[in-house]
Amino acid sequence: MIAARGLGRRFGEKRVLDGVDLDLPRGGFLLVTGPNGSGKTTLLRLVAGLLVPTAGELRVDAPRERVGFLGHEPLVYRELTALENLDLYGRLYRVAERRERIGMLLERFGLWEARNRRAETFSRGMLQRLALCRTLLHDPELLVLDEPFSALDEEGAALLDRELAELRPQATFVVSTHDPERVAALASDRLAFG
Amino acid sequence: MNAYLADVAVLARKDLRLELRARSTVPAMLLFVVAALVVFHFALPSDSSELAANGMLWVAIVFTALLGLTRAFVAEREQRLIDGLLLAPCDRSAIWLAKTLSVLGFLVIAEVIALPAFALFFSGIDGATVAGVALADLGICAVGTVLAAMAVAGRARELLLPLLFLPLAIPIVVGGVGASVAGEPARYLGFLALYDAVFAIISWASFEYVVTE
């Protein structure tokens, strides 16, 4: 599913990622660990297609419409409601039975009651739940999750634990986290930076 | 093609909805263009020519458009929302076209007020001027949107956009003023239409490269 050879990325003169080799088969779960600034986020953004490599090769065998990306920002418009945000992405991803799928995800992540509230009124934890709804909306086959547990309260984190365990057999994962033990049981491969 | 246009419609509707909620761009553009025309009204001597007055109209339009363009990618910049749009499987030029249409809509709203205000303060507006403004709007928004996307990636974005945009707006001002004051405006209108076509194609084709890191 993902193959990298000598993968590198520079920002101006700064070399953030250098010589990464990687093979992740379909259905694999790559756990990426390392200190802040070690290149985890850059690797995940490369895999998601948000950055292009400046060195080496990267092949990702998943079309853009089947990639789900959760980054440091929730990628939702603060002035729009939760429902409007998911409807926007649902239309762009041409999600079949969009309304039903949005309703199901909002229910599952405990946001149904807040569906008509603007995202700007959400707490950080609620925004992260909404971001997870956005990430899973189009039923991705490749999930790229950058610190997915950040900002989630214990209930939200437990919800995500269950969600990851449920999705594990159906999707390929690239996950970076400062809390590797949380997903260690799911991981098939590990990549440690720095 | 239908899917492409559907994406453009979804994205443009999102921009209009954001503006209706935040009301951050159109009121500022309206206030700016009316204030600029009032200032020009008092700054120009009463016996100044129609040519000078028309020049002022075009200065007001270009700077009002610049104000709108500066705001065009604010929502996408502040929380990296451009990532969300780039991740979506739509053609990236659809993002440009939708943003161009929404900026165009905001500019037209400002001009619906600005043109009567100009007629009130200076002189009447003829059909050639209105046609010139309409054609100029297309060029301004097509070029300006791609430059706004370029500027938003840089650090000195507020400085960068005027530096990139104003030189490219010079032909628009030349064509617009020519259409407003020349006896035979068709030549200038044709020039504006040609500018629109060339720069719209360049902007459409280059947007993906501008937003790819």
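**Strands and sheets in a predicted model**

Q: In this predicted model, in what order do the 3 strands of the open sheet of chain A stand?
A: The sheet is open and has 3 strands. Their pairing is antiparallel. The order is S2-S1-S4.

Q: Which strands of chain A are the edge strands of this sheet?
A: An edge strand pairs on one side only. Two strands of chain A fit that description: S2 (14–24) and S4 (55–60).

Q: By how many degrees are neighbouring strands of this sheet turned against each other on average?
A: Direction is ignored here. The average turn is 25 degrees.

Q: What is the bridge partner of A:Arg9 in S2(A)?
A: Strand S1 of chain A covers residues 2–11. S1 and S2(A) pair in the antiparallel sense over 7 bridges. In S2(A), the partner of A:Arg9 is A:Leu17.

Q: How many residues of strand S7 of chain A are buried?
A: Both faces of S7(A) are covered. On one side sit A:Thr172, A:Val174 and A:Ser176. On the other are A:Phe173 and A:Val175. The buried count is 5 of 5.

Q: Which residue in S7(A) stands opposite A:Phe29?
A: Strand S3 of chain A spans residues 29–33. S3 and S7(A) pair in the parallel sense over 4 bridges. Opposite A:Phe29 stands A:Phe173.

Q: Through which helix does the chain cross from S6(A) to S7(A)?
A: S6(A) and S7(A) run parallel and are joined by 5 bridges. One pair of bridge partners is A:Leu145 and A:Val175. The β-α-β crossover between these strands is right-handed. The helix is H5 (residues 154–167) of chain A.

How values were computed:
Residues are numbered from 1 along each chain as its sequence is written. Chains are lettered from A and ligands numbered from 1 in the order in which they are written. This is a predicted model: local features need pLDDT of at least 70, side-chain atom pairs count only at pLDDT 80 or more; totals for chains, interfaces and linings use all residues. Two strands pair if DSSP finds at least two bridges between them. Axes are lines fitted to C-alpha atoms, for helices over the stretch in contact, and angles run from 0 to 180 degrees between N-to-C directions. A residue is buried if 20 or more other C-beta atoms lie within 10 Å of its own, exposed if 12 or fewer, and partly exposed in between; C-beta atoms are placed from the backbone. A crossover is right-handed if, with the strands pointing away from the viewer, the path from the first strand over the helix to the second runs clockwise.
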